[in-house]
Amino acid sequence: MYEHLVVFKFNTNLTPDKQQELLDQLLGFQGRIPGILDISAGINVTEETENVHGYTLGLRVTFDSLASLRSYGPHPLHQQFVASLDGVLDNVIVVDYPKV
């Protein structure tokens with residue numbers, strides 16, 4: 001199994017409704033993209049405000065294999081999500097690792 005972690009930093013033009021729309025898109029991957037065993041995503045509510053650095057949305061996806069993780073990037077649903085970030089994303093951090 002592999003974990004895929006992503007944290008998103010959006011620009012100030014992102015409305016709460018748009019942020020929720022993006023969150024719903026991410027959660028909609030479950031059962032629609034092969035190899036996803038589990039997915040969770042949410043709006044950052046940490047009280048460690050000195051560590052937020054503007055990152056407001058987090059995503060964790062568990063894949064059944066490295067092959068599934070590699071197939072995720074070019075999948076049409078993922079690409080549709082990536083396209084919806086145009087003009088609203090300032091930065092993103094991605095970490096992938098084998099789950100032990």
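## Salt bridges at a glance

The structure holds four salt bridges. Keep in mind that this is a predicted model, and every number here is computed from it. Glu3, Asp38, Arg60 and Lys99 are linked in a network of salt bridges, and a further bridge joins the side chains of Glu21 and Lys18.

## The network around Arg60

Let's start with Arg60 and its two acidic partners. Arg60 forms a salt bridge with Glu3, where the closest N and O atoms sit 3.6 Å apart. That pair connects distant parts of the chain: Glu3 belongs to strand β1 and Arg60 to strand β3, with their positions 57 residues apart. Arg60 also bridges to Asp38, this time with the closest N and O atoms 2.7 Å apart. Asp38 is in strand β2 and Arg60 in strand β3, so this pair ties together parts that are 22 residues apart in sequence.

How covered up are these residues, buried or partly exposed? Glu3 is buried, because its relative accessibility is 4% and the cut-off for buried is under 20%. Arg60 has a relative accessible area of 23%, so Arg60 counts as partly exposed. Asp38 is partly exposed as well, at 34% relative accessibility.

## The sheet that carries them

Four strands make up an open sheet, in the order β2-β3-β1-β4, with antiparallel pairing. At the edges are β2 (36–43) and β4, each of which pairs on one side only. On average, neighbouring strands of this sheet are turned by 10 degrees against each other, if you ignore direction. As a general reminder, strands of a sheet pair through backbone hydrogen bonds, either parallel or antiparallel.

Going strand by strand, β2 and β3 pair over seven bridges, and Gly42 stands opposite Gly58 in β3. Strands β1 and β3 share eight bridges, again antiparallel; here Lys9 has Tyr55 of β3 as its bridge partner. Strand β1 (residues 2–10) pairs with β4 over nine bridges. Glu3, the buried acid from the network, stands opposite Tyr97 in β4.

## The helix and its own bridge

Helix α1 (residues 16–27) lies across β1, β2 and β3 (55–63), and runs at about 170 degrees to β2. Within the helix, Glu21 and Lys18 meet in a salt bridge at 3.3 Å, N to O. Why are these two separated by about one helical turn? Because Glu21 and Lys18 are three residues apart in helix α1. Glu21 counts as partly exposed, at 41% relative accessibility.

## A nonpolar patch on the surface

Now for the nonpolar side of things. Which residues make the nonpolar surface patch? Val7, Ile93, Val95 and Tyr97 do, and the patch covers about 280 Å². Strand β4 (residues 89–98) gives the most to the patch, with three residues.

Ile93 is found in strand β4. At 38% relative accessibility, Ile93 counts as partly exposed, which means Ile93 clears the patch cut-off of over 30% relative accessible area. Tyr97 is another member of the patch, and Tyr97 also stands opposite Glu3 in the sheet pairing. That brings us back to the network, where Glu3 is linked with Asp38, Arg60 and Lys99.

Methods. Residues numbered from 1 in each chain as written. Predicted model: local features only at pLDDT ≥ 70, side-chain atom pairs only at ≥ 80, totals over all residues. Heavy atoms only, no water. Patch = residues over 30% accessible without salt bridge, like charges linked within 9 Å, V, L, I, M, F, W, Y side chains within 5 Å. Areas by Shrake-Rupley, 256 points an atom, 1.4 Å probe, with all protein chains shown as cover. Buried < 20%, exposed > 50% of the residue type's maximum accessible area, 1.4 Å probe, protein only. Pairing = 2+ DSSP bridges. Axes fitted to C-alpha atoms, helices over the stretch in contact; angles between N-to-C directions. Contact = heavy atoms within 4.5 Å.
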